[in-house]
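Reader: I'd like to learn how to read backbone oddities and strand pairing in a model. Can you walk me through one?

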Amino acid sequence: MQNDIAEVLISEEKITECCKRLGKQIENDYKDKNPIIIGLLKGCEPFMSDLIKNINTYIRTDYMDCSSYHGTMSTGTVIIKKDVDEDVKDQDVIIVDDIIDTGVTLHDIVRVLKERGAKSVKTCVLLSKDVKRKHELNVDYVGTTVPNAFVVGYGLDFNEAYRNLPYIGVLKEELYK
Ligand code: IMP
Ligand code: MG
């Protein structure tokens, strides 16, 4: 599996730093607010677990599964495959995802949660891809940026593989071109 990686972009140490910094920011911003932190499956998984361990105040967690990707191509529309269990009406919500690329996913989910009456909706991603977005949206908490390449590891997959790599790497092009 490690042989399929052309280059390591974000090391385990750097990921740990990002989780600590973002966790503290969220902790400070949400003291006494008991927000619902909604992870977008499955990519959020390792990031969400590490992030919430660094938030030392009351929070609730929930998950949604939505998809806009097939292989390495964004399809441009988001399908909700599993919805949240919690009623978000009048709640402070933070959406957590692995990466923002075109912005389609986060833009759509923010809209849906606002339509359901959430009091506030903020967004948090580990990675922000350096590309022109289809939807300009301001992500509130960003770990770090990555260049416009297809990256895998730490939750990010290619056809469901590589989510278990402990770092973020660039997949060798010959594996998907
Ligand atoms: P967006 O809707 O285009 O912003 O894409 C967001 C979703 O696409 C993320 O939740 C990821 O699951 C997936 N995605 C975007 N870029 C990559 C990548 O480089 N590798 C793996 N998954 C990606
Ligand atoms: Mg995703």
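Author: Sure. First a term: helices and strands here are DSSP runs, numbered from the N terminus. Keep in mind that this is a predicted model.

Reader: Okay, backbone angles. Where does N34 lie, and what is its phi?

Author: The general idea: most residues other than glycine have a negative phi. N34 goes the other way, with a positive phi of about 45°. This residue sits in the loop between helix 1 (12–29) and strand 2. N34 counts as partly exposed, because its relative accessibility is 33%.

Reader: And Y154, is that one buried or exposed?

Author: Buried means under 20% relative accessible area. Y154 has 7%, so it is buried. Its phi is positive too, near 50°, and Y154 belongs to the loop between strand 8 (151–152) and strand 9 (168–171).

Reader: What kind of peptide bond joins L41 and K42?

Author: Generally, most peptide bonds are trans. The one between L41 and K42 is cis, with omega about -10°. K42 is in the loop that runs between strand 2 (36–41) and helix 2 (45–52).

Reader: Now sheets. What is the strand order in the open sheet of 3 strands?

Author: In general, strands of a sheet pair through backbone hydrogen bonds, either parallel or antiparallel. Here the order is 1-9-8, and the pairing is antiparallel. Strand 1 (5–10) and strand 8 are at the edges with a single partner strand each, so one side of each has no neighbour in the sheet. Strands 8 and 9 are joined by 2 bridges, and V152 stands opposite G169 of strand 9.

Conventions. Residues are numbered from 1 along each chain as its sequence is written. Chains are lettered from A and ligands numbered from 1 in the order in which they are written. This is a predicted model: local features need pLDDT of at least 70, side-chain atom pairs count only at pLDDT 80 or more; totals for chains, interfaces and linings use all residues. Side-chain values use heavy atoms; hydrogens and water are left out. Helices (H or I, at least four residues) and strands (E, at least two) are DSSP runs, numbered from the N terminus. Buried means under 20% relative accessible area, exposed over 50%, partly exposed in between (1.4 Å probe, protein chains only). Two strands pair if DSSP finds at least two bridges between them.
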